[in-house]
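Trainee: I have a model open and a list of terms I only half trust. Can we test them one by one?
Mentor: Gladly. Bring up the structure.

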Amino acid sequence: MNILIAILVLGIIIFIHELGHFLTAKFFKMPVSEFSIGMGPQVYSYETMKTTYSFRAIPLGGFVNIEGMEVGSEVEDGFNSKPPLARFVVLFAGVFMNFLLAFILIFTMIYSNGKYIQNKEPVIGNVLSESKGSKVIFPKDKILKIDGVNIKEWNDISKALAEKDPKTPIQVELERAGEIKNVDLELTEDPENKRYIVGILPEYTIEKYGALEAARMSLFSFEKIFSDTLGGLKLIVSGKVKSEEISGPIGIIKVVGDASKEGVGILIWLTALLSVNVGILNLMPLPALDGGRILFVILELIGMKVNKKFEERLHTAGMLILFAFIFYITANDIFNLTR
């Protein structure tokens with residue numbers, strides 16, 4: 001089931017990317033012979049007068065076959081017969097759709113979830129079950145005093161405990177359902193952070209964002225994901241990331257499958273993250289990728305003509321290198337999973 005969810009998530013990201021190419025190609029009246037999700041032999045296809053829509057055996061990748069991209073092609077309204085600006089839009093549309101998908105997913109999560117507002121009063125929102133105090137203090141209890149020290153705000157709790165011997169029980173005066181209670185409480189050792197804790201969390205309320213504020217927060221989150229992805233890519237290119245830390249198609253399927261166990265919210269955030277990653281990777285100015293083709297169109301836009309045969313050979317070589325890289329990271333995934 002996890003594998004199916006992972007394939008579905010990647011399929012949506014790929015479909016949205018290819019849909020961008022497809023819709024803009026149709027907008028500029030470029031002939032599209034096939035819109036495919038997946039690679040390898042066809043499993044299912046639906047043919048129309050102008051386009052074949054297909055699913056292929058390997059559920060990773062996809063393509064839109066726009067006619068007229070070959071050197072010397074004389075296809076009417078073919079890709080290379082169109083002005084540079086139209087070709088730029090078609091090539092960039094896939095990346096744009098990935099970014100748009102990520103933004104919509106982030107906006108949906110932020111707008112629907114809202115923001116958590118902490119109650120400044122010393123009211124307990126939750127008690128850690130593993131803490132020693134879980135048997136004597138409960139959610140909704142309001143702490144009034146700790147060892148005789150008045151507690152007026154949540155932050156006063158840590159101040160009152162700062163000078164205490166962590167191994168000595170503390171006396172807590174609290175209000176519970178309108179009654180005053182006095183309890184003796186032992187602090188719980190937190191070995192991971194090498195400290196002693198009460199084991200309580202503050203009370204929170206959820207406040208919904210307005211549409212404009214949610215959009216602003218979504219842009220901020222998108223920008224953070226974008227910059228973090230670029231930073232990670234920079235580390236990979238500079239060789240500062242070990243091979244076992246790099247995930248290919250199989251590794252990503254495992255990560256998405258694991259995330260699906262944590263709930264829909266985590267899965268949606270991961271989908272947004274992966275969509276940004278796919279967009280940035282395709283935007284890299286490397287032969288065979290959208291970014292490589294965009295680079296040549298930009299050169300043409302500023303008046304620098306590039307020999308089409310040379311460009312095509314470069315993209316062909318880039319495609320071979322890309323397939324070799326995919327093979328390498330897939331083998332790396334298998335090695336990491338089996339060791």
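What follows is a set of questions about this predicted model.

Trainee: How is the chain divided?
Mentor: Into domain 1, residues 1-114 + 210-338, and domain 2, residues 117-207. Their centres, taken over C-alpha atoms, are 50 Å apart.

Trainee: How do you know that the span of helix α7 agrees with its number of residues?
Mentor: Residues 290-301 make 12 residues. At 1.5 Å a residue, the helix should span 16 Å. The end C-alpha atoms are 16 Å apart, so the two values agree.

Trainee: Which residues of α7 are called buried?
Mentor: Buried means under 20% relative accessible area. In α7 that label goes to Asp290, Gly291, Gly292, Arg293, Ile294, Phe296, Val297 and Glu300. After α7 comes Gly303, with a positive phi near 95°.

Trainee: Why are β5 and β7 called paired strands?
Mentor: Pairing takes at least two bridges. Strand β5, residues 142-146, and strand β7, residues 170-176, have four, so they count as paired. The two run antiparallel. Ile143 has Leu174 as its bridge partner in β7, and Lys145 has Glu173.

Trainee: And what makes β5 and β6 a pair?
Mentor: Two bridges join them, so the cut-off of at least two is met. Lys145 stands opposite Asn150 in β6. These strands form a hairpin with two residues between them. Asp147, in the turn, has a positive phi of about 50°.

Trainee: What makes β6 and β8 edge strands?
Mentor: Take the order of the open, four-stranded sheet: β6-β5-β7-β8, with antiparallel pairing. β6 and β8 each have a single partner strand, so one side of each has no neighbour in the sheet.

Trainee: How many cavities of 30 Å³ or more are there?
Mentor: Three, in a search of the whole structure. The largest holds about 120 Å³ of space. Of its 13 lining residues, Phe79, Asn80, Arg293, Lys308 and Glu311 are the closest to its centre. α7 gives the most to this lining, with four residues.

Trainee: What classes of residue line the largest cavity?
Mentor: Six are nonpolar, one is polar and six are charged.

Trainee: What makes the lining of the second largest cavity nonpolar?
Mentor: Count by class: 10 nonpolar, no polar and no charged residues. Among them are Ile143, Val172, Leu185 and Val198. Ile, Val and Leu count as nonpolar, so these four fit the label. β5 and β7 each supply at least two lining residues. This cavity holds about 50 Å³ of space.

Terms used: Residues are numbered from 1 along each chain as its sequence is written. This is a predicted model: local features need pLDDT of at least 70, side-chain atom pairs count only at pLDDT 80 or more; totals for chains, interfaces and linings use all residues. Side-chain values use heavy atoms; hydrogens and water are left out. The expected span of a helix is 1.5 Å times one less than its number of residues. Buried means under 20% relative accessible area, exposed over 50%, partly exposed in between (1.4 Å probe, protein chains only). Domain bounds come from an automatic or database domain assignment. On a 1 Å grid over the protein atoms alone, a cavity is a set of points where a 1.4 Å probe fits but cannot get out, and a pocket is an open set with protein on both sides within 12 Å along at least five of seven lines; lining residues have an atom within 4 Å of a point. Grid points are joined across faces, edges and corners, and a volume is the space filled by probe spheres set on the points.
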